[in-house]
Amino acid sequence: MIFRAVRDGRPYPEHNLTLKQWAEIPPRPLRLDQLITTKRELALDKLLAEDSTFYGDLFPHVVQWNGGLYLEDGLHRALRAALQGRNQIHARVLVLGGQAE
């Protein structure tokens with residue numbers, strides 16, 4: 001199993017962070033098997049694109065909420081890392097309130 005779980009949608013409340021605010025969060029290493037995806041489907045063309053992060057953040061965005069680490073943005077980058085044999089990625093982690101599991 002690459003990810004801890006695969007979901008369709010975000011279970012946490014809207015945070016309204018801008019890309020600039022995300023960029024202020026320092027990236028940290030995370031194991032792929034700790035992440036819960038928020039998208040069930042991916043686009044093969046994005047997965048195979050060499051310049052998929054050209055206009056976006058180099059680091060995936062993860063929301064920590066209720067004891068889970070939800071991969072909000074960066075599914076294609078995380079999957080590419082797994083296909084390259086890596087078991088972790090560096091991601092920006094936003095910690096939201098909520099009860100621990």
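Student: Let me start with one residue pair. Which residue of strand 6 is the bridge partner of His61?

Tutor: Arg92 is the bridge partner of His61. Read that pair as one rung of a longer pairing. Strand 4 and strand 6 run parallel and share 4 bridges. Keep in mind that this is a predicted model.

Student: How many bridges join strand 2 to strand 6, and do they run parallel or antiparallel?

Tutor: Strand 2 and strand 6 are antiparallel, with 4 bridges between them. Here Leu30 has Ile89 in strand 6 as its bridge partner. Strand 6 thus has two pairings to look at: a parallel one with strand 4 and an antiparallel one with strand 2.

Student: Now strand 5. In what sense do strand 4 (residues 61-65) and strand 5 pair?

Tutor: They pair antiparallel, through 5 bridges. Trp65 is matched with Gly68 of strand 5. The two strands form a hairpin with 2 residues between them. Look at Asn66 there: its phi is positive, near 50°.

Student: And how does strand 3 (residues 35-37) run relative to strand 5?

Tutor: Parallel, with 3 bridges. Leu35 sits opposite Leu69 of strand 5. As for cover, 5 of the 6 residues in strand 5 are buried.

Student: Next, the interior. Which members of the largest nonpolar core touch the most other members?

Tutor: Look for buried nonpolar side chains that touch one another. This core has 13 residues. Phe3, Leu30, Leu35, Val62, Leu71 and Ile89 touch the most other members. Strand 5 (68-73), helix 3 (75-83) and strand 6 (88-95) each give two or more residues to this core. A separate core has 8 residues, including Ile25, Val63, Trp65 and Tyr70.

Student: Take one member. With which residues is Ile89 in contact, leaving aside neighbours within four places in sequence?

Tutor: Arg28, Pro29, Leu30, Leu32, Leu35, Pro60, Ala78 and Ala81. Leu30 is on that list, and Leu30 is also the bridge partner of Ile89.

Student: Is helix 3 mostly covered or mostly open?

Tutor: Mostly covered. In helix 3, 7 of 9 residues are buried. They are Leu75, His76, Arg77, Ala78, Leu79, Arg80 and Ala81. Charged names appear in that list, among them Arg77 and Arg80. After helix 3 comes Gly85, with a positive phi near 85°.

Student: Where do charges meet? How many salt bridges does a search of the whole structure find?

Tutor: The general idea first. Oppositely charged side chains can pair when their charged atoms come close. The search finds 4 salt bridges. In one of them, Asp73 pairs with Arg77, with closest N and O atoms 3.0 Å apart. Arg77 is buried at 15% relative accessible area. Asp73 is partly exposed at 29%.

Student: What is the distance between Arg31 and Asp33?

Tutor: Their closest N and O atoms are 2.9 Å apart, in a salt bridge. Arg31 is partly exposed at 42% relative accessibility. Asp33 is partly exposed too, at 38%.

Student: Which parts of the chain does the pair of Glu72 and Arg10 link?

Tutor: Their side chains form a salt bridge at 3.9 Å, N to O. Glu72 is in strand 5, and Arg10 is in the loop between strand 1 (5-6) and helix 1 (19-23). The two are 62 residues apart. Glu72 counts as buried because its relative accessible area is 9%, under the 20% cut-off. Arg10, at 43%, is partly exposed.

Student: What about aromatic rings? Why is the pair of Tyr12 and Tyr70 called tilted?

Tutor: Read two values: the distance between centres and the angle between planes. The centres are 5.7 Å apart and the planes stand at 55°, so the pair is tilted. The count comes to 1 aromatic pair. Tyr12 is in the loop between strand 1 and helix 1, and Tyr70 is in strand 5, so the pair ties together parts 58 residues apart in sequence. Both Tyr12 and Tyr70 are buried.

Student: Last point, confidence. Which element has the lowest mean pLDDT, and which the highest?

Tutor: The general rule comes first. Predicted coordinates should not be read in detail where pLDDT is low. Helix 2 (residues 44-48) has the lowest mean among the elements, 64. Strand 2 (residues 28-31) has the highest, 97. The chain average is 86, and 81% of the residues score at least 70.

Technical notes. Residues numbered from 1 in each chain as written. Predicted model: local features only at pLDDT ≥ 70, side-chain atom pairs only at ≥ 80, totals over all residues. Heavy atoms only, no water. Core = buried A, V, L, I, M, F, W, Y, C linked by side-chain atoms within 4.5 Å. Buried < 20%, exposed > 50% of the residue type's maximum accessible area, 1.4 Å probe, protein only. Contact = heavy atoms within 4.5 Å. pLDDT = per-residue confidence, 0-100. Pairing = 2+ DSSP bridges. Phe/Tyr/Trp six-rings, centres within 6.5 Å; stacked < 30°, edge-to-face > 60°.
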